[in-house]
Amino acid sequence: MSKYSGGAIPAGNDINLQLGWPSPSLFPSSSLNASTKTILSDFATASSSLIYGPSLGGPAFRTALSTWLSNHYYRKPDNITPSRVCVTSGGSAALGAILSRFTDPGFTQYIWMVEPTYFLACPIFQDAGFTGRMRGVPEDEEGIDLEFLRAELEKAKSEGTESTLKKTLSTGYPKVYKHIIYCVPTFSNPSGKTWSISHREKLVKLAREFDALVVSDDVYDFLRWPEDLATDLATDLATDLGPLPPRLVDIDRALEGGNTFGNTVSNGSFSKIVAPGTRVGWAEGAEEFIAAMAKVGVTASGGGPSHLMSCFMGDMISTGSLDKHINEKLIPTYSARYHGMMATIKSELEPLGVKVTVGKPFFSTSAKDSSEVQIAGGFFTSLTIPDHLPPSSVLAASALANKGLRFAYGEMFEVVGDAGSKERANAPGGFGHSLRLCWAWHEEDKLKHGVKRLAEALREIQESTNGIKAGA
Ligand SMILES: Cc1ncc(COP(=O)(O)O)c(C=O)c1O
């Protein structure tokens, strides 16, 4: 395992607030089991699920998925048609497939990664031939720093590259983008931010202007709850919290103009809402984009990815067991863990100068009474330690060695190979002083203990830093 992988599953008294995995007690084993029985007990469904799958995914899965997405994002069953979605082997594999189909290192200039970045995306871009061409783009309070990105895209335009586009076009790649912009705009990993609608719209326009494809990992969208504890956790979340925050793909679709392939793709996954071992997800985008994506070479040879598992997911969606699991198990559990952890951060860490840095709050409009509800969600929160202290990597090393506590620290979120990203991390107020805590793995008690251990480790660092200062 690399230092970025989250380390071993914590044993004994150790606490791991880095691991971005759902705890096994949250896996919907019995409803998954019921779906496997339904699919495999019938000769017709067993046959169609055990054979090579259609390249876009099975029709039953795509119909169930598109209706489900439509209900959640639009509160209408038919706003997303099956032609806009295809099956994938989860977010990571889909990113690889997107790069295979829609980029060419001879033509595509840069990969723009929102920083602090989801570090495990870096090797996927490297594998696709973009080593040395990944560039960080900072986030402001509302999301991606649009001015920074525009200036960099302008600069890239004047650089020019040797183009192999003609070659790729003649060999059956219908659309190759000049740039990729990679982001997690809702309950971001690692920043915890949820981008404003205005930033989302401006990003889509920018992507159109510069022939960029925005790959949006929308893997945490369904896990949301009211920030305010006084708001009762709704029995019908879709109504009480309104639709999910609009994705970039929804905005791209709604805005006039644009090319037929679109400039955004939504990368969805069942990893965080069912279980990561399922290795199944979906992509949503413009019809032509999805049709082209499904023609990736590995699918041509092997059929639709994760076909059997997608049949089980289709059944969980259509029987309602997936929504039941999300609404009755995941959301109440994560919400309770989140609130417990945040209260402990407030009491233990804020007095030490630590700030919660998850950007401008995002409000959703309740469909029940049109009230504004501030929403929280996902797996992570982001904290920043005071600037006069050493970077959070020092705190992380000390917490691991002395307190049995692991968490993800600023240096991990740099964009690999981008000197500018490192500089920004180390600048005053930079993300080198940030850290990411996850509430998905441990239960509430351990989360609170973890935050207390973090406070102890921080106090020790503060004392030694003050001691050094006083003695200097
Ligand atoms: C932003 C983001 N994208 C993708 C993934 C991985 O998704 P999958 O398990 O579907 O490959 C994760 C998991 O931590 C993630 O946080």
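## Talking through the ligand site and the sheet

Colleague: Which residues come nearest to the ligand?
Modeller: Keep in mind that this is a predicted model. There are 14 residues around the ligand. Coming nearest among those are Ser92, Tyr220, Ser269, Ser271 and Arg279.

Colleague: Which residue has a polar side-chain atom 2.7 Å from a nitrogen atom of the ligand?
Modeller: Let's start with the oxygen contacts. A backbone N or O atom of Gly91 sits 2.7 Å from a ligand oxygen, and the side chain of Ser92 has an N or O atom 2.6 Å from an oxygen atom of the ligand. For the nitrogen atom, the polar side-chain atom at 2.7 Å belongs to Asp217.

Colleague: How much of the ligand's accessible area does the protein cover?
Modeller: The ligand sits in the largest pocket. On its own it has 400 Å² of accessible area. Of that, the protein covers 92%.

Colleague: And by class, how many charged residues are in the shell around the ligand?
Modeller: The shell is a mix of classes. Five of its residues are nonpolar and six are polar. The charged ones number three.

Colleague: Moving to the sheet, which strands stand at the edges?
Modeller: The sheet is open, has eight strands with mixed pairing, and follows the order 2-10-9-7-6-3-4-5. Each edge strand has a single partner strand, so one side of it is left without a neighbour in the sheet. The edge strands are strand 2 (85–88) and strand 5 (143–144).

Colleague: What is the bridge partner of Val114 in strand 4?
Modeller: Strand 3 (residues 110–115) and strand 4 (residues 134–140) run parallel. Five bridges join them. In strand 4, the partner of Val114 is Val137.

Colleague: Which residue is joined to Pro116 by a cis peptide bond?
Modeller: Pro116 is in the loop between strand 3 and helix 5 (122–127). Omega for the cis bond is about 0°. The residue on the other side of that bond is Glu115.

Colleague: What is omega for the cis bond from Asn189 to Pro190?
Modeller: Pro190 belongs to the loop between strand 6 (179–183) and helix 8 (197–209). The peptide bond from Asn189 to Pro190 is cis, with omega near 15°.

Colleague: Which residue has a positive phi although it is not a glycine?
Modeller: Look in the loop between strand 6 and helix 8. The phi in question is about 50°. The residue is Phe187.

Definitions and conventions
Residues are numbered from 1 along each chain as its sequence is written. This is a predicted model: local features need pLDDT of at least 70, side-chain atom pairs count only at pLDDT 80 or more; totals for chains, interfaces and linings use all residues. Side-chain values use heavy atoms; hydrogens and water are left out. A residue is near a molecule or strand if one of its heavy atoms lies within 4 Å of it. A polar contact is a pair of N or O atoms within 3.5 Å; within protein, one must be able to donate a hydrogen and the other to accept it, and residues adjacent in sequence count only if both atoms are side-chain atoms. Accessible areas come from the Shrake-Rupley method with a 1.4 Å probe; for residues, only the protein chains shown count as cover. On a 1 Å grid over the protein atoms alone, a cavity is a set of points where a 1.4 Å probe fits but cannot get out, and a pocket is an open set with protein on both sides within 12 Å along at least five of seven lines; lining residues have an atom within 4 Å of a point. A molecule sits in a cavity or pocket if more than half of its atoms lie within 2 Å of its grid points. Ala, Val, Leu, Ile, Met, Phe, Trp, Tyr, Cys and Pro count as nonpolar, Asp, Glu, Lys and Arg as charged, and the others, Gly among them, as polar. Two strands pair if DSSP finds at least two bridges between them. Helices (H or I, at least four residues) and strands (E, at least two) are DSSP runs, numbered from the N terminus.
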